[in-house]
Amino acid sequence: MIRRRLLATAALALPLLASPMAWAQQALDEVMAAKTLRVAIPTDFPPYGFVGTDLKPQGLDIDMAQYIATKLGVKVELIPVTSANRIPYLQTRKADLVISTLGKNAEREKVIDFAIAYSPFYQAVFAAKSLPVKSFADLAGKTVGVTRGAIEDMELTKLAPSGAEIRRFEDNNATVSAFVSGQVQVIATGASVAGAMMARNPQLGTEYKLVIKESPNFIGVAKGEDKLRAKVNEIVLAAKASGDLDRLAVKWLGRPAGELPQ
Amino acid sequence: MVQLDFAAVLVEWPALLRGLGLTAGLTALSTAGGLLLGVGCAWARSGGPRWLGLVAAGYVEVIRNTPFIVQLFFLFFGLPGLGVRLSPELASVLAMTINLGAYAGEILRAGIDATPRGQIEAARALALSEAQVFTRVVLPPALSRIWPAMVSQIIIVMLGSAVCGQISAAELSYQANLIHSRNFRAFEATIVATLLYLALAIALRRLLSWAGPRLLFGR
């Protein structure tokens, strides 16, 4: 009896959960109507997105979100996300845009669409100077920490030998904590995250070992939202032409944005 | 309407099975350890020496008034600072055991307090030693009284093990999260994980309700 009621409740709940995903091509109109642009941003990824001493998110991605909202003439609502849940936020329309150090690859293109790139980025393997890592084969027998669902997780899973023990953590802060506390010997992460970590923990003697992937950051939009994507492309292209994009990159990364793929 | 594609998740069944296995294993070990710890705690607080009772009270208060994830992070990220490096699996078992021990101790103490004084005095009058009084006269009826509450607590700890994926212990929710960060089928992966947890919880409740009276305290 109880079991039957349980099943009936589950059956009723399923369509309720699934129904809010039924729009396409409306995101731009909805943003303009609500006068708010909801942007998924990182808070664990300095200098792209991190929490400042005033406990407010700041960084290149946050400035970019603000910039696009200003150009659209709407307010920005920042939604902090992790590497693993930023794509579900787009899929379930909890965010209009993902500006969260999002790299483009074929797997992701199946489920969301990408506007053009706005900033440079690369992921690499880092470890203590005393640990010899000359190639990916040297990772065999070592523990490697990586943030689950990030580009470096997917690439490393392909590149690392089967003998490497890959430990996946929920977000970059946990991955960095695992490395700093010695729970993993090697860390695979974005160059900016590693840079901030090395600056804060000079006693570890961490150094750059191997590049995993050059992967500029793109702006993610939900699948099929071509109107919103075209509008974002227009804004980013104009920012590139006016030099605003380079100014942002210089402010946060210390160098211009350079050549970025369309 | 979104297209649900459960096949994309279910094709990863070996990973889900491994996750389910680790969740069950973590729960089994921490249940055994947690119950022992709980019995010790309940004894210390109800009949043991005063100093031990105070130690147990401190332990119970610290554990019951802090979040499980903080306890877990302390063991995994904090202890290496003191030179103790635990594997994610060991840290998980330890955190779950310590967590269950505190709650089990308090649940059991309620059962012990409900034992009529006369029963204990009768046992002493029959010249049973203090140890015999506790293990033969006090504990079995106390366990039998509180067993349903204890089973619920064990299931709460089993469900709480979903957090252990945060320190890369590859239990069920870790595997489900890994699957959907690969194929972006977050909705389906979560539904599958939910159903597996539901099945595991129901099975565990049945097993413990069956095993308790037969193995622990007799009917």
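This is a guided tour of a predicted model with chains A and B, arranged as a series of selections to make in the viewer.

**Chain B as a whole**

Begin by selecting chain B and colouring it by secondary structure, which comes to 9 helices and 0 strands, so that reading along the sequence gives the pattern α-α-α-α-α-α-α-α-α. If you turn the C-alpha trace of chain B onto its principal axes, it spans about 70 × 45 × 25 Å. Of its 219 residues, 40% count as buried. Among the contacts in chain B with a separation of 6 or more, 77% are between residues 24 or more positions apart.

**A helix pair in chain B**

Next, select residues 13-46 of chain B, which make up helix α2, together with residues 50-64 of chain B, which make up helix α3; the two pack at an angle of about 125°, with their axes 7 Å apart. Because angles between 115 and 145 degrees fall outside the parallel, antiparallel and perpendicular ranges, α2(B) and α3(B) are described as oblique to each other. The crossing in which α2(B) passes α3(B) is left-handed.

To see where these helices touch, show the side chains of Cys41(B), Ala44(B) and Arg45(B) in α2(B), which meet Leu52(B), Gly53(B), Ala56(B), Ala57(B) and Val60(B) in α3(B). By class, the residues of this contact divide into 6 nonpolar, 1 polar and 1 charged.

**A loop residue in chain B**

Staying in chain B, move to the loop between α6 (117-125) and α7 (130-160), where Ala127(B) is found. Most residues other than glycine have a negative phi. In Ala127(B), however, phi is near 70°, a positive value in a residue that is not glycine. Is Ala127(B) buried or exposed? With 7 C-beta neighbours inside 10 Å, Ala127(B) counts as exposed, since a residue with 12 or fewer such neighbours is placed in that class.

**Where the two chains meet**

Now display both chains and select the residues in contact between them: 19 residues of chain A are in contact with 14 residues of chain B. On the chain A side, α4 (86-91), β10 and α7 (172-180) each supply at least two of the residues that touch chain B. That side of chain A has 9 nonpolar, 6 polar and 4 charged residues.

**A parallel strand pair in chain A**

Strand β10 of chain A, one of the elements just named at the interface, is a convenient route into the interior of the chain. Select residues 165-169 of chain A for β10 and residues 143-147 of chain A for β9; the two strands run parallel and are joined by 5 bridges. Within this pair, Gly145(A) has Arg167(A) in β10(A) as its bridge partner. Of the 5 residues of β9(A), 4 are buried, so this strand is largely enclosed by the rest of the structure.

**The five-stranded sheet of chain A**

Then show the open sheet of 5 strands in chain A, which has the order β5-β1-β6-β13-β7 and mixed pairing. At its edges are β5 (75-81) and β7 (112-119) of chain A, each of which pairs on one side only. Neighbouring strands of this sheet are turned by 25° against each other on average, direction ignored. For a closer look, select β1 (residues 36-42) and β6 (residues 97-102) of chain A, which pair in the parallel sense over 2 bridges; here Val39(A) has Leu97(A) in β6(A) as its bridge partner.

**The three-stranded sheet and its loops**

Finally, select the open sheet of 3 strands in chain A, which has the order β2-β3-β4 and antiparallel pairing. Its edge strands are β2 (44-45) and β4 (57-58) of chain A, each pairing on one side only. Strand β3 (residues 49-51) of chain A pairs with β4(A) over 2 bridges in the antiparallel sense, and Val51(A) stands opposite Pro57(A) in β4(A).

Two loops of this sheet deserve a separate selection. Most peptide bonds are trans. The bond from Pro46(A) to Pro47(A), by contrast, is cis, with omega near 0°, and Pro47(A) has its place in the loop between β2 and β3 of chain A. In the loop between β3 and β4 of chain A lies Leu55(A), which has a positive phi of about 65° although it is not a glycine. Leu55(A) is exposed, with 6 other C-beta atoms within 10 Å.

Technical notes
Residues are numbered from 1 along each chain as its sequence is written. Chains are lettered from A and ligands numbered from 1 in the order in which they are written. This is a predicted model: local features need pLDDT of at least 70, side-chain atom pairs count only at pLDDT 80 or more; totals for chains, interfaces and linings use all residues. Two strands pair if DSSP finds at least two bridges between them. Axes are lines fitted to C-alpha atoms, for helices over the stretch in contact, and angles run from 0 to 180 degrees between N-to-C directions. Angles under 35 degrees count as roughly parallel, over 145 as roughly antiparallel, 65 to 115 as roughly perpendicular and the rest as oblique. A crossing is left-handed if the near helix is turned anticlockwise from the far one by less than a right angle, and right-handed if clockwise. Two residues are in contact if their C-beta atoms, placed from the backbone, lie within 7 Å. Ala, Val, Leu, Ile, Met, Phe, Trp, Tyr, Cys and Pro count as nonpolar, Asp, Glu, Lys and Arg as charged, and the others, Gly among them, as polar. A residue is buried if 20 or more other C-beta atoms lie within 10 Å of its own, exposed if 12 or fewer, and partly exposed in between; C-beta atoms are placed from the backbone.
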